Amino acid sequence: MRAGTAGRRAGRRAPLSRHQLLLLGASFLITVGSFAVLPYMSVLLHSRWGLGLGTVGAVLAAASLIQFGGGVFGAALARRIGLRATMLIALTVRTAGFACFAPGGGGPVFAVVALLLVASGAALYLPANKAYLVAGRPEEERPRLLALSGSAFTTGIALGPVAAAPFVLSEPTALFGAVALLFAAVCGAHALLPPVRDGDRTDRTDRTDRTDRGTGVRGRLPREPFAPAERAPFAYALLSVYVFMYFQHYLALYAIPRMSAASYGFLLMAYALLLAVLQPLLARWTAELPYGRALRLGFGAMALGTAGLATGGPVGIAAGAALMCWAEAVLFLRNELEALARSAAPAATVFGRQRLAAGFGAAAAALFGGPLYGAAERAGDTGLFWLAVAAQSLLLPVAGWAVGRARRDQAAARTTAPAAVPAPGSGPASPSPSPSGSGSGS
């Protein structure tokens, strides 16, 4: 049963619990605090702590990889000690990171360590946050809950840089101290949540339910395998983030010479607020979309959006950004829902794997995007960069589908044995052995 259909049959939506409301409010405050600082880190590392631009790029790349790829470690920790305990540890680490920035006199090494602490805390927090939000709730509620979570984070992204802009360069020490206090308060609020173990999902298999809840065992839980059915959401999450991060990394470099910095800032704020509104509005429709159609629509929208950016005019840039926003609202949520639906693993494990895929995609976009943009500059037309991204958005999902289809065909060939042809006048042939040595059974 599709999630949206189930939701309509169930009647009215279940109200959000006070714990879910606390978590959504905390998600907003966490992102406001983080994005009051993180968008300015390249400037601060270079101008305040004197790091070279090459070193700044390497530090930011390492922090991004930790923040995304470290989600698998956050999921493993949640599986061992529970979701609330993992979020408390994550927020303590992030509070310590921002507090390390506050004194301002520790030198560049101190600043880099602080930034890596902040990234590590983010890696631990997000899988546990999303898993707690959907813990014990039926499948039809997931789209709305995950969309509301995305909106809370996105609204914080929109407001954080604006709130910090008057202080980040003139009073950075006071700003870091205020953010550290904010994170300490949010950490204290999380202590009010009841403890929940990773694995409290209503759609888990009977075996998993007995392991996680029925026995009452609180020790080490069995490791969940990465099943073949889960590979498609992982691969398409990697590809979608890979294409999307070209837009994230290089839009400023491309757009600011073509519009004022104030106009570009307004565009970013409008993008974030539009995403915060779109994702909850489209959540039920997104959940009802067949996965293949969602992929075609999402990657197609990113191809059209990046092609629109290639026009170079303000209207084309705005239209391209709107299409990228729609693709992010639909494709990213649909990938998460599909990963959850295909997996019997705990929710935090699923979210951690999807974050790992996002980390690989973001790292690949950073690795290839710079040389590609440089080649377009040397050719005298940076619009060619966006046309190359549009082509990748169209071709890479098709290549991924072809590889997946080939693997499925190979797996079917390995598990299906050809029937033996009986000799003339003989009785029925006995089953031929399968490649694994066991009978085919037919």
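Cys-325 has a relative accessible area of 0% in this predicted model, and Cys-325 is therefore classed as buried, since that term covers residues under 20%. Cys-187, at 15% relative accessibility, counts as buried as well, because its value also falls under 20%. Where the sulfur atoms of two cysteines must lie within 2.5 Å to be counted as a disulfide, the count for this model comes to zero.

These two residues belong to a protein chain of 442 residues, of which 47% are buried. The secondary structure of the chain consists of 16 helices, with zero strands. Among the contacts in the chain with a separation of 6 or more, 81% are made by residues 24 or more positions apart.

Cys-187 also leads to one of the helix pairs, since it is among the residues of helix 9 that meet helix 6. Helix 6 spans residues 83–101 and helix 9 spans residues 172–190, and the two pack at an angle of about 165° with their axes 8 Å apart. Because angles over 145 degrees count as roughly antiparallel, helix 6 is placed in that class relative to helix 9. The crossing of these two helices is left-handed. On the side of helix 6, the contact is formed by Arg-84, Met-87, Leu-88, Leu-91, Thr-92, Arg-94, Thr-95, Phe-98, Ala-99 and Phe-101, while helix 9 contributes Phe-176, Val-179, Ala-180, Phe-183, Ala-184, Val-186, Cys-187 and His-190. Sorted by class, the residues of this contact comprise 13 nonpolar, three polar and two charged.

Helix 6 takes part in a further packing arrangement, this time with helix 5, which covers residues 71–81. The angle between helix 5 and helix 6 is about 130°, and their axes are 7 Å apart. An angle of this value does not reach the range over 145 degrees and lies outside 65 to 115, so helix 5 and helix 6 are described as oblique to each other. Their crossing is right-handed, whereas that of helix 6 with helix 9 is left-handed. Gly-74, Leu-77, Ala-78 and Ile-81 in helix 5 are in contact with Leu-83, Ala-85, Thr-86 and Ile-89 in helix 6. By class, this contact of helix 5 with helix 6 holds six nonpolar and two polar residues, and no charged ones.

Methods. Residues are numbered from 1 along each chain as its sequence is written. This is a predicted model: local features need pLDDT of at least 70, side-chain atom pairs count only at pLDDT 80 or more; totals for chains, interfaces and linings use all residues. Side-chain values use heavy atoms; hydrogens and water are left out. Axes are lines fitted to C-alpha atoms, for helices over the stretch in contact, and angles run from 0 to 180 degrees between N-to-C directions. Helices (H or I, at least four residues) and strands (E, at least two) are DSSP runs, numbered from the N terminus. Angles under 35 degrees count as roughly parallel, over 145 as roughly antiparallel, 65 to 115 as roughly perpendicular and the rest as oblique. A crossing is left-handed if the near helix is turned anticlockwise from the far one by less than a right angle, and right-handed if clockwise. Contact means heavy atoms within 4.5 Å. Ala, Val, Leu, Ile, Met, Phe, Trp, Tyr, Cys and Pro count as nonpolar, Asp, Glu, Lys and Arg as charged, and the others, Gly among them, as polar. Buried means under 20% relative accessible area, exposed over 50%, partly exposed in between (1.4 Å probe, protein chains only).
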